[in-house]
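Biologist: I should be grateful for a close look at the aromatic side chains of this model. Please describe how they are arranged, and then turn to whatever else deserves a remark.

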Amino acid sequence: MSLRAVKGMKDILPDEISKWHRLERAFRECAETYGFREARFPIVEPTALFVRSIGETTDIVEKEMYTFTDRGDKSLTLRPEATASAVRAYVQHSVQGREPVTKWYYVGPMYRRERPAKGRYRQFYQAGIEVFGDPGPYIDAEVIDMVVGFIASLGIAEVEVLINSIGGPETRSKYTAALLAYLEPHQDGFCPDCQRRMGANPLRVLDCKVPRCAEIAANAPSMLKHLTDDDRAHFDELQATLTTLGTPYRVDGSLVRGLDYYTRTLFEVLGKGEGLGAQNALLGGGRYDEMVKSFGGPDTPAIGFAVGLDRLLLAMPEVESESHVDVFVIAAQPTVRAEAALLGRELRGTGLRVESDLRGGSLKSQLRRADKMNTRIALILGESEVAAGAVQVKDLREKTQQTVFRKEAAKRVHEILDTPVG
RNA sequence: GUGGGUGUAGCUCAGUGGUAGAGCACUGGAUUGUGGCUCCGGUGGUCGCGGGUUCAAUUCCCGUCACUCACCCCA
């Protein structure tokens, strides 16, 4: 087979789709319970949108984006995440003029050209929320509490919530200076990446997994000790609120995200169950109070997160899937296939999901198909039934069968299924 | 980008230097128009691709591609 799906991009076939539906429905319901409304953004955006928001020196921008030039010589990029688009849309449509606080959610595919692994694909799916106009910290806690509740509602029990604060611009510049002062004497011991990061974004050195770098980073001055009074108060109040809400969390002073736009609150949820492989970060998020302003909008605080749906799916427990068909209509002889099609249409009109096999096979094979589909009811229509204006209603689970008038068939089926006649 | 593992039927996998097998799935029958269980039969494979060694390669060797896991990165 020479034509295959692009590396790292997968087809989702019907056998898997019910799990996706369940996951997406649960997310929408949860978000809407908290007053969020769905927004949809383009998958393709100007490249500059991501370069400016995510950061020029991040891995995403440096080596993972699907960037191409369109026929008008514009540089476009398949979105690697959705927050930048949300901010762009918020500013572009002057949403701040309509309401003081804006709560949006989104669901959709994102694109990053990484080496595929379990739970990491080049086209992957994220669901996320963004809140504009509330400086926190109470909304921060509520958002974290909401997403933890969402994950729990999926039956994913073992998770760990990490939080941190990297402060605002003032904290950041003071801390960066202190960090550089500490790091510079060790510079020669760093991996090449970190040597580069020191100039571009020293915070990310703290996040390096190379043993030697991690060792040096472990003794670096603590960011949390450098928070300004305001940043400190914000972080303390966040923790107090989480405690009030009963959301378990752990402060991890080394938690740093791979996107440059974050300020103050940062959080991440790790899954611990089997099946996730090494990609155990289920969700990540934080506050980005400077981004709206930097895109030319009003000075607007914001917070959001994105959950990786592919990973949630891996962590979700299996549930038995129900049949996608209520009734299987069977033509006992090939001569009554047109009548069977008509009967099927009558039933669908009452809201039933109806399948049939109109190829003209044996009654036995059609019943076998009904059974394979785990269908509750089979309606059997043969020449004698058509002549009598009747139909056989067979309950495949209870193994009972009765003859009813054809015009009573739909009603009888709904009685057995205990569903309202639509 | 770096390393490891695996490529044989639609799926999960066995196997052999003499061009292939099981289970499941699909399908027909046992039961003129009645499913699930059982029994019997059938369809289905250039053994990933290219090259080398050999009388002979699905098997051994090399290369390549794909998939996968890990590092890394992150959701």
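**Aromatic pairs and their surroundings**

Modeller: In this predicted model, the structure holds twelve aromatic pairs. One of them joins Tyr261 and Tyr262, whose ring centres are 4.8 Å apart and whose planes stand at 55°, a tilted arrangement. Both Tyr261 and Tyr262 are buried.

Another pair is formed by Phe267 and Phe305, with 6.4 Å from centre to centre and 70° between the planes. Because planes over 60 degrees apart count as edge-to-face, the pair of Phe267 and Phe305 is described as edge-to-face. This pair links distant parts of the chain, since Phe267 belongs to strand S9 (residues 263-271) and Phe305 to strand S11 (residues 302-308), 38 residues apart. With a relative accessible area of 0%, Phe267 is buried. Phe305 has a relative accessible area of 2% and is therefore buried as well, the cut-off for that class being under 20%.

Tyr261 and Tyr262 also take part in a wider grouping: together with Phe41, Tyr90, Trp104, Tyr106, Phe132 and Tyr288, they form one aromatic cluster. A ring can also meet a charge, as at Tyr121, where the charged end of Lys10 sits over the ring at 4.4 Å from its centre.

Tyr90 of the cluster has a residue number that falls within helix H4 (residues 83-92), and the packing of this helix may be described next. The axes of helix H4 and helix H2 (residues 47-54) come within 9 Å and cross at roughly 105°. H2 is therefore roughly perpendicular to H4. On the H2 side the contact is made by Leu49, Phe50 and Ser53, and on the H4 side by Ala84, Ser85 and Arg88. Sorted by class, the residues in the contact of H2 with H4 are three nonpolar, two polar and one charged.

Two backbone positions complete the account. Most residues other than glycine have a negative phi. Asn374, however, has a phi near 60°, a positive value in a residue other than glycine. Asn374 is located in the loop between helix H13 (363-372) and strand S14 (377-381). Its relative accessibility is 52%, so Asn374 counts as exposed. Asp418 likewise has a positive phi, near 60°, and is not a glycine. The segment after helix H15 (409-417) is where Asp418 is placed. At 69% relative accessibility, Asp418 too counts as exposed.

How values were computed: Residues are numbered from 1 along each chain as its sequence is written. Chains are lettered from A and ligands numbered from 1 in the order in which they are written. This is a predicted model: local features need pLDDT of at least 70, side-chain atom pairs count only at pLDDT 80 or more; totals for chains, interfaces and linings use all residues. Side-chain values use heavy atoms; hydrogens and water are left out. Axes are lines fitted to C-alpha atoms, for helices over the stretch in contact, and angles run from 0 to 180 degrees between N-to-C directions. Helices (H or I, at least four residues) and strands (E, at least two) are DSSP runs, numbered from the N terminus. Angles under 35 degrees count as roughly parallel, over 145 as roughly antiparallel, 65 to 115 as roughly perpendicular and the rest as oblique. Contact means heavy atoms within 4.5 Å. Ala, Val, Leu, Ile, Met, Phe, Trp, Tyr, Cys and Pro count as nonpolar, Asp, Glu, Lys and Arg as charged, and the others, Gly among them, as polar. Rings of Phe, Tyr and Trp (its six-membered ring) pair if their centres lie within 6.5 Å; planes under 30 degrees apart count as stacked, over 60 as edge-to-face and the rest as tilted. Buried means under 20% relative accessible area, exposed over 50%, partly exposed in between (1.4 Å probe, protein chains only). A charge sits over a ring if NZ of Lys or CZ of Arg is within 6 Å of the ring centre and within 35 degrees of the ring normal.
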